[in-house]
Amino acid sequence: MLGIKVSKIDFWDKQRIKNHQIEKYLQKGDFIFNSNIDSRLKRSKKSDSKKFQDILDKSLSIQTLNLDETAYLLSVSDSKNLEKMKEVAFKVKKKVYDNRIVTFAPLYLGNFCVNDCSYCGFRKSNKYTKRKVLSLAEIEAETKILAGQIGHKRLIVVYGEHPANDIDYMVDTIKTIYKVEAEVKVEGKSKNRVGQIRRVNVNAPPLAIEELKRLKGVGIGTYQVFQETYHRKTYQDVHPQGTIKSDYLWRLYVMHRALEAGVDDIGLGALFGLYDWRYEVMGLVAHNRELEKKFGIGAHTVSFPRLEPATNTPFTESPKYKVSDEDFKKLILVLRLSIPHAGMIITCRESPQIKKESIALGITQTDASSKIGIGSYSDRSDNQEGLRQQFLLSDTRSLEEVIQEFAKAGSITSFCTAGYRCGRTGECIMELLRAGKEGKFCKLNAVLTFREWLDDFASEETKKIAKKVINREIQEIKQTLPGVFPQFMEYYDRVKKGERDIYF
Ligand code: SAM
Ligand code: SF4
C-alpha cells in the first residue's frame with residue numbers, strides 16, 4: 001500500500017487518539033449521554049397550540065431551540081401544522097440568508113483509509129476500490145478545471161484517514177489549491193481572465209488540537225466532520241472495534257478541539273440511514289447547543305447526507321433505517337427551525353427534484369458539477385468511475401444548469417468567499433447571522449460575485465435568465481442599503497469592466 005509498511009501504519013494508528021484532549025470535556029458522561037434523547041423523544045407530546053406558536057416565534061427570532069422544543073416539532077404530524085412549520089422555516093431562511101444559494105464542488109484527494117466503516121466504499125476491506133492519493137501536480141490539474149473551466153470559487157476537500165493523507169499532506173494540498181491561478185477557458189476559448197479557488201473547506205477525519213492549528217494556519221474555511229450517528233450502540237456496530245473511527249468520543253469532541261485551536265467555522269453532520277432519523281436530529285441539535293454553551297459559537301453549517309449505495313458495500317443495499325423522502329424533508333424542516341442561524345447543505349447525493357423541494361425548506365448551500373472519484377475532474381477516460389468513488393451520485397448536472405434553475409426560481413447564486421477573509425467567522429459571524437445583519441455584506445458580495453461568474457463562464461441563455469435576478473437585487477440594495485449603494489455601484493462597474501475579487 002503506497003510503499004508504507006503495515007507496521008508503520010499500525011504505529012501511526014496507535015498515535016492518533018489523544019485521550020487527554022477528550023477527558024477534560026467529559027462531565028459524568030458525554031453531552032449526548034447527558035441529553036437523554038430517548039426519553040425526550042418518548043415523552044408524550046399533547047398537542048398544545050400556544051406552545052407550538054411559541055416555538056415557531058422563538059425560531060423566527062433566530063434563537064436556537066432547546067431539545068424539548070425540537071422533540072415537539074419532530075412529533076408534529078398533522079398537515080396544517082406541518083404547513084405552518086414550512087412557512088416559518090422559509091421566513092427564517094429569508095431573514096438570515098435572503099434568497100442566496102452558495103455553490104461549491106467536492107474535491108476528493110485520497111481514498112486510502114485505515115478504517116472499515118460498514119457503509120463506505122473507501123473502507124479498508126473493500127478490495128474493489130481503486131486506491132489513489134493525488135500528487136500536488138494532479139491537484140493543480142484538478143483545481144485548474146474547477147476554477148478555470150467550471151468557475152467554482154469554493155471547494156470542499158475530502159480525505160480518508162491514512163498516513164498517506166496525514167496533516168502534512170492536508171497542509172501541502174490546501175496551499176497548492178490556493179496558489180493555482182487558472183486561465184479561464186470556456187469551450188476551449190481563453191477569456192484572458194484568471195480563475196481561483198478562494199475558500200477551501202475541509203472534510204477530514206477528527207484531528208488533534210496541534211493539527212487543527214496547522215489547518216487554521218493555511219486559511220481553511222469550514223472544518224467539517226460528520227458524527228455519522230449520535231447513537232452510541234449503532235456507532236459501535238458500524239465502526240469495527242480496533243479501528244480509529246471506533247472511538248466515538250474522539251469524534252464527538254473534535255469540534256471542541258477545533259474551537260480550542262481557533263478553527264471557528266465548524267460544520268456538523270450526521271449520516272442519515274444508520275439509525276432513527278429523529279435521534280440524529282436531536283443529536284445534531286444537542287451538539288450545536290453544547291458548543292454554543294461552551295464556546296459561544298455554534299455550527300456554521302449542518303449537513304445531513306443520506307446513505308447512498310456504494311460499490312461492493314452490502315450494508316448500503318437495504319438499510320434498516322433508510323430515510324424516506326417525506327421524512328428527509330421533515331428533518332430538514334426541523335433542523336432549519338431548531339438551529340436557525342446555521343447554513344444548511346444538501347449535496348449531489350440527492351436527486352435534482354429533492355434538492356429543489358429542499359431549497360424551499362431552508363437549504364443555503366449545494367454542490368454542482370460534482371465528481372467524487374479521485375482525480376475524476378481531469379481524468380474522464382476511466383469508465384470504472386464507480387470503483388474509485390465513495391458512493392454513487394444522484395445529481396450529475398453542471399453548475400450552469402443548477403444556476404439556471406435557481407435563477408428561474410428567483411434565487412441568486414453567491415460565490416462570495418469574503419467572510420473568512422475579512423475575519424467574519426466564529427462568534428462575529430454568529431452575531432451577524434442572529435441579528436439578520438450578515439445579509440448586509442452577503443447581498444452585496446453575492447451580486448458582485450454572481451456578475452463575475454456570469455461574465456466569465458455563462459452562456460448567453462443563462463445571462464439572459466440571470467439578468468432579471470441581478471436587476472431586482474440591485475434595486476433592493478438601492479432601497480434597503482442607500483448608504484452603501486454608491487460604493488456598491490462603483491464596485492459593480494469595476495467588475496463589469498473585468499476587475500475581479502472585489503468585496504465588502
Ligand atoms: N474519512 C473522513 C471521515 O470519515 O470523517 C472524511 C471523508 S468521508 C469520505 C466523508 C463522509 O462521507 C463521511 O463522514 C460519511 O458521512 C459520508 N459517507 C460515507 N459513506 C457514505 C455513503 N455510502 N453514502 C453517503 N455518504 C457516505
Ligand atoms: Fe474511511 Fe471516512 Fe470512509 Fe470511514 S467514512 S471508511 S473513515 S473514508
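**Figure 1. A look into the second largest pocket of this predicted model**. The second largest pocket encloses a volume of about 330 Å³. Its lining is made up of 16 residues, and those nearest the pocket centre are Asp10, Asp13, Val114, Lys124 and Gly242. Sorted by class, the lining holds seven nonpolar, five polar and four charged residues.

**Figure 2. The surroundings of ligand 2**. Here you can find three cysteines, Cys113, Cys117 and Cys120, around ligand 2. Asn115, Phe122, Arg123 and Lys245 complete the set of residues around this ligand. Counted by class, the shell around ligand 2 comprises four nonpolar residues, one polar residue and two charged ones.

**Figure 3. Ile17 and its partners**. Start at the loop that links helix H1 (6-16) to helix H2 (20-23), where Ile17 sits. Is Ile17 buried or partly exposed? Its relative accessibility is 23%, so Ile17 counts as partly exposed. Leaving aside residues up to four places away in sequence, Ile17 touches Ile22, Ile244, Asp247 and Trp250. One of these partners, Asp247, is 230 residues from Ile17 along the chain, yet their C-alpha atoms are separated by 8.3 Å.

**Figure 4. Stepping back to the whole chain**. For orientation, the chain contains 22 helices and eleven strands. Its C-alpha atoms fill a box of roughly 65 × 60 × 40 Å along the principal axes. The radius of gyration is 22 Å, which agrees with the value near 23 Å for a compact globule with 504 residues. Of those 504 residues, 60% count as buried. Among contacts between residues at least 6 apart in sequence, 76% join residues at least 24 apart.

Key: Residues numbered from 1 in each chain as written. Chains lettered and ligands numbered in written order. Predicted model: local features only at pLDDT ≥ 70, side-chain atom pairs only at ≥ 80, totals over all residues. Heavy atoms only, no water. Helix = DSSP H or I, 4+ residues; strand = E, 2+ residues; numbered from the N terminus. Buried < 20%, exposed > 50% of the residue type's maximum accessible area, 1.4 Å probe, protein only. Contact = heavy atoms within 4.5 Å. Near = heavy atom within 4 Å. Nonpolar A, V, L, I, M, F, W, Y, C, P; charged D, E, K, R; others polar. 1 Å grid on protein atoms, 1.4 Å probe; cavity = no way out; pocket = protein on both sides within 12 Å on 5 of 7 lines; lining within 4 Å. Points joined across faces, edges and corners; volume = space filled by probe spheres on them. Rg over C-alpha atoms; globule rule 2.2 N^0.38 Å.
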